[in-house]
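Colleague: I am new to reading structures. Please take one part and walk me through it slowly.

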Amino acid sequence: MNRKRGLISDTFTSKKRKAVPDRFGVSDDVDGPVDIKSTVEYLMTLFPRKLFNDSLPLIVLKHQLYSLISDKTTVDKGVNKLREQGDLLMFQLGFDSEAFALVFTSDFKAKVLAGQDGRDTQETVQKFLDRVLSSCTDLSFSKDQMLRDFQFTDAEITQLVKSGVLTVRDAGSWWLAIPNSGKFTKYFIQGRKAVLNMVKKSKYNEVLKADLEERKTPSQVKFHMKYHIHDIVGAELVESIPTTSGTLLRHADV
């Protein structure tokens with residue numbers, strides 16, 4: 001089977017897993033009706049807000065939901081519905097074209113405005129939040145769109161980039177961005193690599209999920225181990241195999 005190597009691998013076929021609901025009503029695998037919002041909220045409980053001095057909104061990656069809900073179409077439709085309702089924002093993360101961050105809109109606005117308090121960009125950022133986020137679900141914006149549709153000036157666009165709510169995509173377009181999220185991306189990538197290495201160094205390149213959750217983590221792992229496990233399972237960097245002893249995680253290179 002051909003696999004896309006890198007940070008996100010291609011889809012592989014796995015067996016159905018038995019659903020085991022947790023206290024949020026979220027299962028390890030769901031075949032019936034699901035509450036996408038509850039699934040996102042559960043994953044957000046694993047986000048290490050204190051690591052960032054509570055300056056970032058709670059962030060999960062869309063593919064982490066795939067580790068809990070096997071039907072990707074259900075996840076994608078549910079996420080899009082929450083975005084269309086204005087409850088959820090989605091961001092393209094720079095380290096991989098298939099990695100999308102999810103943040104609740106209210107949390108994003110609150111953290112952005114708190115970071116802008118007293119700054120010369122505050123008024124322009126408030127205008128962006130009111131005028132753009134309330135009416136548009138785009139992941140990126142062209143210069144023509146910003147100038148004509150949303151009535152921003154070149155100077156104001158520069159202020160939005162300075163504030164961190166926009167980041168350059170290419171000449172004349174910008175990604176919607178999470179301010180000050182560079183450290184999150186750095187810790188996320190190095191933690192992912194460290195956890196994958198833990199799996200790869202295990203006997204036969206595989207380990208029980210429950211055992212991995214209990215292992216002492218190296219210093220590179222800053223996040224909750226479960227946060228990383230939902231990442232590597234959802235991104236299909238490991239295979240998730242049901243056994244009589246529990247879920248077995250096998251490195252996808254094997």
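Modeller: What follows is a close look at some helix packing and at the residues around it. Keep in mind that this is a predicted model.

Start with helix α10. This helix runs over residues 225–234, and D231 lies in it. Is D231 buried or exposed? D231 is buried, because its relative accessible area is 0% and the cut-off for buried is under 20%. Which residues does D231 touch, leaving aside those up to four places away in sequence? They are H63, Q64, F188 and R192.

Take H63 next. H63 sits in helix α2, residues 62–65. H63 is buried too, with a relative accessible area of 6%. Its side chain makes a polar contact with the side chain of D231, at 2.6 Å. So a residue of α2 meets a residue of α10 through side chains, and the pair counts as a polar contact because the cut-off is 3.5 Å.

Now bring in α8. Two packed helices are described by the angle between their axes and the distance between the axes. For α8 and α10, the axes come within 10 Å and cross at roughly 80 degrees. That makes α8 roughly perpendicular to α10. Which residues make the contact? From α8 come F184, Y187, F188, G191, R192, V195, L196 and M198. From α10 come M225, Y227, H228, D231 and I232. Look for D231 in that second group. Its partners F188 and R192 appear in the α8 group. By class, this contact has 9 nonpolar, 2 polar and 2 charged residues.

Step back along the chain to the start of α8. Helix α8 covers residues 182–200, and N180 is in the loop between β6 (173–176) and this helix. What is the phi of N180? Phi is near 60 degrees, a positive value in a residue other than glycine. N180 counts as exposed, at 68% relative accessibility. Set that beside D231, which is buried at 0%.

A second residue has a positive phi. Q151 is not a glycine, yet its phi is about 60 degrees. Where does Q151 lie? Q151 is in the loop between α6 (143–149) and α7 (154–163).

Follow Q151 to R131. The two are 20 residues apart in sequence, and their C-alpha atoms are 9.2 Å apart in space. R131 touches F150, Q151 and F152, not counting residues up to four places away in sequence. R131 is partly exposed, with a relative accessible area of 36%. R131 is found in helix α5.

That brings us to a second helix pair. Helix α4 (residues 105–116) and helix α5 (residues 122–133) pack with their axes 9 Å apart, at an angle of about 165 degrees. That makes α4 roughly antiparallel to α5. The crossing of this pair is right-handed. On the α4 side, the contact is made by F108, K109, V112, L113 and Q116. On the α5 side, Q122, V125, Q126, L129 and L133 take part. By class, the contact has 6 nonpolar, 3 polar and 1 charged residues.

Put the two pairs side by side. Helices α8 and α10 are roughly perpendicular. Helices α4 and α5 are roughly antiparallel. To find your way back, begin at D231 and its 2.6 Å polar contact with H63.

Key: Residues numbered from 1 in each chain as written. Predicted model: local features only at pLDDT ≥ 70, side-chain atom pairs only at ≥ 80, totals over all residues. Heavy atoms only, no water. Axes fitted to C-alpha atoms, helices over the stretch in contact; angles between N-to-C directions. Helix = DSSP H or I, 4+ residues; strand = E, 2+ residues; numbered from the N terminus. Parallel < 35°, antiparallel > 145°, perpendicular 65-115°, else oblique. Left-handed = near helix turned anticlockwise from the far one by under 90°. Contact = heavy atoms within 4.5 Å. Nonpolar A, V, L, I, M, F, W, Y, C, P; charged D, E, K, R; others polar. Buried < 20%, exposed > 50% of the residue type's maximum accessible area, 1.4 Å probe, protein only. Polar contact = N/O pair within 3.5 Å; in protein donor to acceptor, adjacent residues only side chain to side chain.
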